Amino acid sequence: MTNKSLISITDFSTNEILRLLEIAEDFERHPEPHLLDGKVVATLFFEPSTRTRLSFESAANRLGGRVIGFSDPNISSVSKGETLKDTIRIVSNYCDLIVMRHPLEGSCRYASEVATVPVINAGDGAHQHPTQTLLDMYSIKKTQGRLDNINIFMVGDLKYGRTVHSLVQAMSPFNPIFNFISHPKLKMPKEYLDFLDSKHVKYYEHEQFNDIISEADIIYMTRVQRERFQDLMEYEKTKDLYILRNSMLENTKPTMKILHPLPRVNEIAQDVDTNSKAYYFEQALNGVYARQAVISYVLGLKK
Amino acid sequence: MDKSELKVNAIKDGTVIDHIPAKDLFEVIKILNLEKVDNQVTFGTNLDSKKLGKKAIIKVSDKFFKDHEINKIALIAPKANLNIIKNYEVIEKRPVELPSTIKGICKCMNPKCITNSEPMSTKFDVISKEPPALRCFYCGKITDREHFIII
């Protein structure tokens, strides 16, 4: 299929995900600066996300593609009241691929129905952000040498964090062990725990962030956002409970790596950055390879 | 025909919707737009029912409901039965049944769902028929019986 969109990580089979990770690895080893010659990629950001947009644009540029688009809907026709459908139909004429970020959930699925070119979801509200999941998996595979039997500790906001939800789903075929560390108000939602039960995946829930992390292969940190708490006092009390500090890493495995979808605020102390177990900046670079893989795959240039 | 049906006049041609939970009668009338039709409509409520305790029944003359209307009934009153009447005879009796997917007819309860801001049709997978629950094809959120807003 040449017109295949990527809206949710569950759109791709486990085999397709493994293939995408291989393609990403190929791009890391052997850059292909002319693969997208003559192709135009549109990045439509209906809400700002500089990091994600630059990552996609870097991926397209490094493959030799041209990039058009907007990063601020206030200066585009959207602000004049144009429907999403009209915007997508028009932009379909101008490009070979649409990369889209939108504040409303389900918007990218709808865009993929009305577009005449493939659509890649770069985040639709709290719903999905599949290329983040791919780059997380790529980072796990690259640092651990495998995807199977990984002990993953997820810390912080497990209730609203879409990246942890997608990663839990996507890693489930690889016999992982999950440890979820969060404030009771920010626990992993029941639907995802039910999902893990149905797949016979082992998981443990904790409220304390302490030496249990010595078992970890991966620590996946997330940001606890102030707006998640109605009671600001509670936020102030909570935010410091789930901070990863360099001193906590002493008894962790030598091969353990720390991931974070970024941006971080204070949940990873600055003194962790120089520890060789800190991997979040390289993780961001992996995002470029993972997005190159997705772009070339949905365009049918890599199979 | 059981005795409770006899409490409401028989019709020559049309449809009898039976086994509606009494509390849902007026919602069924509303979603089928029966307040505004020219057909003869008779209804009875708080009739005794072995299945439902108290049930309601609606008879609409010269009206044979289309699939999307039957789907609406199934969302609100999944145990309802349709009796198709021709020349005073019941020629067909069947339960309403939700298909596995439905289009239009109900709003997604997620205020941040794209279907609530674009001029577009909603689409759901029916993940439970009794009680009915719908998963939005677009945002993935589940709309349950308490949150149905029929379009």
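Good morning. I begin with helix 2 of chain A, residues 50-62, in what is a predicted model. At 1.5 Å a residue, its 13 residues should span 18 Å, and the C-alpha atoms at its ends lie 18 Å apart, so the expected and computed spans agree.

Which residues of this helix are buried? They are A:T52, A:R53, A:S55, A:F56, A:A59 and A:A60. Because they cover an arc of only 160° around the axis, these residues sit on the same side of helix 2 of chain A. Their packing partners in chain A are strand 1 (40-45), strand 2 (66-70), strand 3 (97-102), strand 4 (119-124) and helix 9 (280-298). Just after helix 2 of chain A, A:G64 adopts a positive phi of about 90°.

I turn now to the domains. Chain A is divided into domain 1, residues 31-128, and domain 2, residues 131-284. The C-alpha centres of these two domains of chain A are 29 Å apart. Contact between them involves 6 residues of domain 1 of chain A and 5 residues of domain 2 of chain A. On the domain 1 side, the touching residues comprise 3 nonpolar, 2 polar and 1 charged.

Finally, the interface between the chains. Here 11 residues of chain A are in contact with 13 residues of chain B. Which elements of chain A give two or more residues to the side that touches chain B? They are helix 3 (84-92) and helix 4 (107-114) of chain A. Helix 4 of chain A supplies the largest share of that side, 3 residues. By class, the side of chain A that touches chain B has 3 nonpolar, 5 polar and 3 charged residues. Thank you.

Notes
Residues are numbered from 1 along each chain as its sequence is written. Chains are lettered from A and ligands numbered from 1 in the order in which they are written. This is a predicted model: local features need pLDDT of at least 70, side-chain atom pairs count only at pLDDT 80 or more; totals for chains, interfaces and linings use all residues. Helices (H or I, at least four residues) and strands (E, at least two) are DSSP runs, numbered from the N terminus. The expected span of a helix is 1.5 Å times one less than its number of residues. A residue is buried if 20 or more other C-beta atoms lie within 10 Å of its own, exposed if 12 or fewer, and partly exposed in between; C-beta atoms are placed from the backbone. The arc is that of the directions from the helix axis to the C-beta atoms. Two residues are in contact if their C-beta atoms, placed from the backbone, lie within 7 Å. Domain bounds come from an automatic or database domain assignment. Ala, Val, Leu, Ile, Met, Phe, Trp, Tyr, Cys and Pro count as nonpolar, Asp, Glu, Lys and Arg as charged, and the others, Gly among them, as polar.
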